[in-house]
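User: I'd like to walk through this model with you, chain by chain and where the chains meet. Can we take it one question at a time?

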Amino acid sequence: MTSISNIKKQTSKIKIILLVILFYIVLQLLMSAQIINPYWQQIICYAGVMTISALGLNLIYGFTGQFSLGHAAFFGIGAYTSAFIIKSANFSNPLLLIIGLIAGCILAGIIALLIGLPILRLRSDYLAIATLGFGIIVKVLFDNADAVFPVLGGSRGMVGIPQLTTFTWVLVIVILAVLILRNLINSAPGRALVSVREDEIASEAVGVNTTKYKTLGFVIGSMFAGIAGALYAHLYAFLHPQNFDFLKSIDVLLIVVLGGMASISGTLIAAVVWVLILEGLRVVLPEAVLDWRLVIYPLLLILIMIFKPTGIFGGKEFKFLHYGDKNE
Amino acid sequence: MAYLLQQIINGLQLGSVYALIALGYTLVYGIIRLINFAHGDVFMIGAYLGFYAILRFNLPFPVALIFAMLGCAVIGIVIEKLAYRPLRNAPRIACLITALGVSLFLENFTSLKFLFGPNYLAYPRPFAVVNYNIGSLTISNIQILVFVIAILLMILLQIFVTKTKTGMAMRAVAYDKSTAQLMGINIDYIITITFGVGSALAGAGGVLFGIAYPQIHPFMGIMPGLKAFVAAVLGGIGIIPGAMLGAGIMGMVEVLTSAYISSTMRDAIAFLVLLIVLLIKPAGLLGKSSIEKV
């Protein structure tokens with residue numbers, strides 16, 4: 001019996017891998033044949049970037065239960081770090097982007113560790129306010145960064161960043177992010193994260209080092225944001241502090257909440273749909289209707305909170321994201 | 001020295017506006033433990049209501065102020081009824097996210113062209129600006145007006161909260177909701193009143209802000225709202241004198257940062273104050289720290 005179910009699992013795994021490869025080949029062909037024009041290519045890549053960042057926030061908020069309103073700051077840290085390194089070194093080979101990605105990811109993680117250790121002692125709304133404050137401070141620092149590093153451009157924005165982000169890069173990182181997150185939350189530390197969310201006092205009572213796991217979730221989630229930011233920097237080749245302000249943190253929060261707390265599948269769907277609707281409708285709809293989009297999102301947020309506070313896919317996953325012998 | 005004194009006067013002006021907003025945050029937080037992010041946007045709506053009252057309807061300034069306050073009170077009460085009441089027993093973060101949603105909704109909805117529109121508008125001055133020179137200091141009648149109205153409203157609030165029966169009920173609900181209910185206090189009514197009073201103060205703050213810094217737009221509420229919240233936390237959230245003290249300090253800190261360090265850094269310093277307070281004394285300057293019971 002076990003061997004049959006094992007074989008079944010193996011074949012479904014292969015199926016998923018084949019599907020992903022097929023998806024990649026088809027999109028890549030459509031892009032090189034210019035059926036998907038550069039504008040849409042950029043939007044597709046942006047959807048991937050937002051997915052990575054939102055997965056990070058879902059780890060912090062959905063799985064670990066720590067409410068952060070400073071996610072855009074880590075996104076920005078990753079973006080500026082990578083842009084700074086790649087631009088200074090004047091790399092033009094897309095493969096060398098890996099240096100920027102790793103640097104952005106690690107610096108975001110280090111800063112998350114430094115800021116997380118003190119502020120993660122705070123709970124719920126106080127933590128929200130502290131992370132919000134942190135986000136605003138970081139944005140002001142970006143605004144004034146040109147005083148120290150003129151190349152960062154400060155409030156005038158940073159230009160001339162090599163455009164190295166390709167669809168391949170984005171897809172690879174998205175897949176990596178999904179795999180890392182799936183494996184993490186199904187591991188022993190992952191269960192500790194979820195226990196902190198469910199009841200901090202009770203998990204502490206059974207011997208979970210809550211400070212350690214809260215920080216772990218926060219740091220890894222912020223590293224996701226950092227690497228997403230690095231991809232973003234080399235996608236648009238232009239950075240402005242405005243792109244990393246408080247409202248951008250809320251955008252990511254919106255994706256996580258709409259998609260569903262503690263649901264990788266929900267975040268995947270919500271991020272892609274959100275970007276396609278937000279950006280995609282820009283070319284289709286008349287301007288008068290477009291203004292209404294920004295009215296509808298917050299309304300959606302309120303309605304979701306009132307009627308289904310865990311989000312559309314809250315706690316549910318696609319089959320292929322299940323791990324081990326879960327009886328579903 | 002004269003320069004410093006001048007900056008302190010400017011700081012007092014800004015601090016009075018922050019105090020009016022911070023009081024609304026503190027009142028609401030005291031009663032339902034909700035950071036009402038939409039409060040900054042009620043402040044913005046207050047500024048616009050005053051703008052229309054003065055410019056379109058040609059109302060005299062005191063009437064415009066009262067109009068803005070009443071309008072904001074109604075908006076605050078409606079927001080509570082529609083958005084927050086269904087979540088009365090939900091987790092605090094769900095309420096917080098809803099408050100963020102309401103805030104974004106108000107900003108983007110009022111930016112629509114048939115409402116306030118997305119552009120910056122110049123605020124009308126209801127009377128000519130007169131500058132009084134005392135020694136080397138300059139004080140304008142606007143600054144005096146802002147300061148006097150803010151103090152007056154705070155005194156009225158203090159009398160309302162400490163001397164009237166409704167005010168007493170408010171304090172009872174803030175202290176212990178279920179016991180207050182057992183004593184026959186209608187909680188929903190008290191919450192409505194709290195939102196009304198808090199929003200009216202924010203509305204007054206909006207009009208005064210508009211007169212003092214004569215430019216308004218639909219997103220103007222975010223920063224003053226957040227800073228007023230920082231002020232409320234600094235003074236000890238839920239404590240009325242704490243909000244005034246915190247707002248005074250925040251106004252000073254901001255103006256002095258602009259004057260002596262750099263005006264671009266003032267937001268960073270304001271939130272640095274917040275982080276320091278949260279880490280060292282989360283209950284605020286006047287707050288008592290409480291022990292969490294399991």
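Analyst: Sure. A quick definition to start: two residues are in contact when they have heavy atoms within 4.5 Å of each other. Also keep in mind that this is a predicted model.

User: How many residues of chain A are in contact with chain B?

Analyst: Using that 4.5 Å cut-off, we can count on both sides. Chain B puts 44 residues into the contact, and the number from chain A is 39.

User: What area is buried between chain A and chain B?

Analyst: Carbon and sulfur atoms give 82% of that area. On the chain A side, A:D125, A:Y126 and A:I129 supply 17% of what chain A buries against chain B, more than any other three residues. The total between the two chains is about 3,600 Å².

User: How many residue pairs are in polar contact across the interface of chain A and chain B?

Analyst: Salt bridges don't add anything here, as the count between chain A and chain B is 0. For polar contacts, with both residues at pLDDT 80 or more, the rule finds 3 residue pairs.

User: Which helix gives the largest share of the side of chain A that touches chain B?

Analyst: Four helices of chain A each supply at least two residues to that side: α4 (97–119), α5 (124–143), α10 (246–259) and α12 (287–307). By class, the side has 31 nonpolar, 3 polar and 5 charged residues. The largest share is 13 residues, and it comes from α5(A).

User: Now chain B by itself. What is its radius of gyration, set against a compact globule?

Analyst: Chain B is built from 11 helices and 4 strands, and its C-alpha trace spans about 60 × 45 × 35 Å along the principal axes. Of its 294 residues, 56% count as buried. A compact globule with 294 residues would come out near 19 Å, and chain B agrees with that, at 19 Å.

User: What share of the contacts in chain B with a separation of 6 or more comes from residues 24 or more positions apart?

Analyst: Here we set aside contacts with a separation below 6. Of the rest, the share from residues 24 or more positions apart is 75%.

User: Let's zoom in on B:T257. Is it buried or exposed?

Analyst: B:T257 is found in helix α10 (residues 240–260) of chain B. Leaving out residues up to four places away in sequence, B:T257 touches B:S262, B:M265, B:R266 and B:I269. Its relative accessible area is 4%; since the cut-off is under 20%, B:T257 counts as buried.

User: Which residue has its backbone oxygen 2.4 Å from a polar atom of the B:T257 side chain?

Analyst: The B:T257 side chain supplies one polar atom of this pair. The backbone oxygen at 2.4 Å belongs to B:V253.

Key:
Residues are numbered from 1 along each chain as its sequence is written. Chains are lettered from A and ligands numbered from 1 in the order in which they are written. This is a predicted model: local features need pLDDT of at least 70, side-chain atom pairs count only at pLDDT 80 or more; totals for chains, interfaces and linings use all residues. Side-chain values use heavy atoms; hydrogens and water are left out. Buried area is the accessible area (1.4 Å probe) that two parts lose on being put together, summed over both. A salt bridge is a side-chain nitrogen of Lys or Arg within 4 Å of a carboxyl oxygen of Asp or Glu. A polar contact is a pair of N or O atoms within 3.5 Å; within protein, one must be able to donate a hydrogen and the other to accept it, and residues adjacent in sequence count only if both atoms are side-chain atoms. Ala, Val, Leu, Ile, Met, Phe, Trp, Tyr, Cys and Pro count as nonpolar, Asp, Glu, Lys and Arg as charged, and the others, Gly among them, as polar. The radius of gyration is taken over C-alpha atoms; the globule rule is 2.2 Å times the number of residues to the power 0.38. Buried means under 20% relative accessible area, exposed over 50%, partly exposed in between (1.4 Å probe, protein chains only).
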